[in-house]
Amino acid sequence: MNDSPIFISLIPNLMGGEGHIIPYHKSITKATKTLGWHHEVIYSPEENLTLLPDNWYGCLKGNKLENDENFADKFKQVIIFSDSIRNYLKEKLVKNNSSQSYIIFIERFIHLQLFALWLALLFLPKDNLYIWVLYRHNFHQHKTRFFYKILNKLLKNLVNINNFSLFSDSELLANSMTKYFEEPLTVMPIPHTEFVEKIDNNKDNIICWWAGPPRSEKGWDIIKKLSQCQTIFANKFTLVASKSADLIMINNGVKVILLDDNLPRKDYGYWLAKTDIMLIPYNSIAYQERTSGVFTESVIAGNIPVTTVNTWMAEELLKFGLDQLILNWDNSEQVWEKINNIIKCKETKTKLKIMQKAYSQFHNLSNFANQFKISFMK
């Protein structure tokens with residue numbers, strides 16, 4: 001069998017370019033290149049997206065599946081999405097010779113999109129086909145959890161016994177999913193992390209960044225309260241957030257800087273380098289086992305992340321004795337006081353250096369590529 005598979009990323013919905021999706025799959029291109037594999041990305045086109053690389057093909061029609069529609073409309077969209085996957089793959093799989101392997105990889109989806117993938121593959125040749133599914137969310141706690149369990153079994157039964165793999169980027173989530181799905185999950189590094197050279201700021205101007213487009217599950221209400229809080233530390237802090245967060249400056253409040261919702265990677269790296277405190281007041285239910293790329297990137301960049309109790313981020317901090325970075329966000333004035341104390345604590349910075357080193361050793365492109373290689377060779 002050919003040792004160099006064709007790796008196909010399947011992206012049902014680019015979400016307007018928001019979040020991890022584009023940088024994650026660009027990282028896959030870099031990782032597969034180091035392995036000598038060929039990478040293609042197939043996605044559903046959207047308006048107003050930045051220019052995508054040459055190996056990205058907008059041939060899918062699946063993002064409407066996530067709209068609130070009636071059953072008949074959803075079923076129609078499942079068929080449309082399934083047909084668009086099949087039309088892309090049949091030229092490859094039907095004409096496939098016995099030596100070429102194909103890996104289908106999907107990492108952001110709902111159950112209907114997984115079902116559409118199963119339908120698309122049902123009547124195509126699958127001798128050298130691999131199906132890899134990466135779970136990011138606590139689907140084992142959703143009311144639709146049984147569908148995911150069934151779909152995993154259906155997809156697994158399509159291919160040879162070792163050609164189906166489940167992944168997660170969270171050890172907590174992988175353990176829970178393994179118990180519910182009764183299938184092992186491989187924990188993957190988060191690859192879109194790059195070393196940035198820190199920018200020395202004015203010591204009297206501490207940059208506190210709430211990165212990414214605003215979402216309620218990421219603590220939007222908390223950030224609004226922080227921006228509108230009158231505090232004796234107001235002159236020491238600058239709160240950076242997205243324009244659509246609609247933050248305002250008030251008298252005796254912190255300075256506010258507003259950025260575009262979806263920053264180009266270069267600008268994102270600039271603010272990572274400039275940031276002192278990364279604000280991660282995420283909801284403890286939504287992020288109980290779910291990872292945060294912002295958190296991982298901020299640790300590797302040398303920022304100080306502050307987060308919420310009973311989240312994946314809090315569990316990660318506790319591993320390194322950094323419980324002082326797990327905040328109660330109820331009182332905004334006390335939060336600013338706490339951050340003021342944190343920024344002056346040498347012990348905290350020493351512990352974060354240890355965490356930064358450990359994260360850099362695991363969450364990197366080389367380790368990411370190696371996990372893919374291990375899964376393919378098993």
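This is a short chat about reading cores, helix packing and buried residues in a predicted model.

Visitor: Let's start inside the protein. Which residues touch the most other members of the largest nonpolar core?

Guide: When you look at a core, start with the residues that have many partners. Here they are W209, I277, L279, F295 and I339, out of 55 residues in the largest nonpolar core. There's also a second, separate core of 43 residues, with L60, L89, L166 and L173 among its members.

Visitor: Let me pick F295. Where is F295 placed?

Guide: F295 belongs to helix α8, which covers residues 293–301.

Visitor: And what does F295 touch, leaving out residues up to four places away in sequence?

Guide: Skipping those close sequence neighbours lets you see the contacts made by folding. For F295 the list is I280, P305, W312, M313, E316, L317, M355 and Y359.

Visitor: Is F295 buried or exposed?

Guide: For that, look at the relative accessible area; the cut-off for buried is under 20%. F295 comes out at 0%, so it counts as buried.

Visitor: Is there another residue in α8 I could try?

Guide: Try A301, which also lies in helix α8. Its relative accessible area is 2%, so A301 is buried too. Beyond four places in sequence, A301 is in contact with V196, K198, L272 and Q356.

Visitor: How many Å separate the C-alpha atoms of A301 and N152?

Guide: Here you set the spacing in sequence beside the spacing in space. A301 and N152 are 36 Å apart, C-alpha to C-alpha, with their positions 149 residues apart in sequence. For F295 and N128, which are 167 residues apart along the chain, the C-alpha separation is 37 Å.

Visitor: Now helix packing. At what angle do α3 and α4 pack?

Guide: For a helix pair, take the angle and the axis distance together. Helix α3 (residues 111–121) packs against helix α4 (residues 145–158) at about 20 degrees, and their axes are 10 Å apart. Angles under 35 degrees count as roughly parallel, so that is how α3 runs relative to α4. The crossing of α3 past α4 is left-handed.

Visitor: Which residues of α3 and α4 meet?

Guide: From α3 you get H111, L114, F115, L117, W118 and L121; facing them from α4 are F147, Y148, L151, L154, L155 and L158.

Visitor: How many of the residues in that contact are nonpolar, polar or charged?

Guide: Sorting a contact by residue type is a handy last step. Between α3 and α4 you'll find 11 nonpolar residues, 1 polar and no charged ones.

Methods
Residues numbered from 1 in each chain as written. Predicted model: local features only at pLDDT ≥ 70, side-chain atom pairs only at ≥ 80, totals over all residues. Heavy atoms only, no water. Core = buried A, V, L, I, M, F, W, Y, C linked by side-chain atoms within 4.5 Å. Buried < 20%, exposed > 50% of the residue type's maximum accessible area, 1.4 Å probe, protein only. Contact = heavy atoms within 4.5 Å. Axes fitted to C-alpha atoms, helices over the stretch in contact; angles between N-to-C directions. Helix = DSSP H or I, 4+ residues; strand = E, 2+ residues; numbered from the N terminus. Parallel < 35°, antiparallel > 145°, perpendicular 65-115°, else oblique. Left-handed = near helix turned anticlockwise from the far one by under 90°. Nonpolar A, V, L, I, M, F, W, Y, C, P; charged D, E, K, R; others polar.
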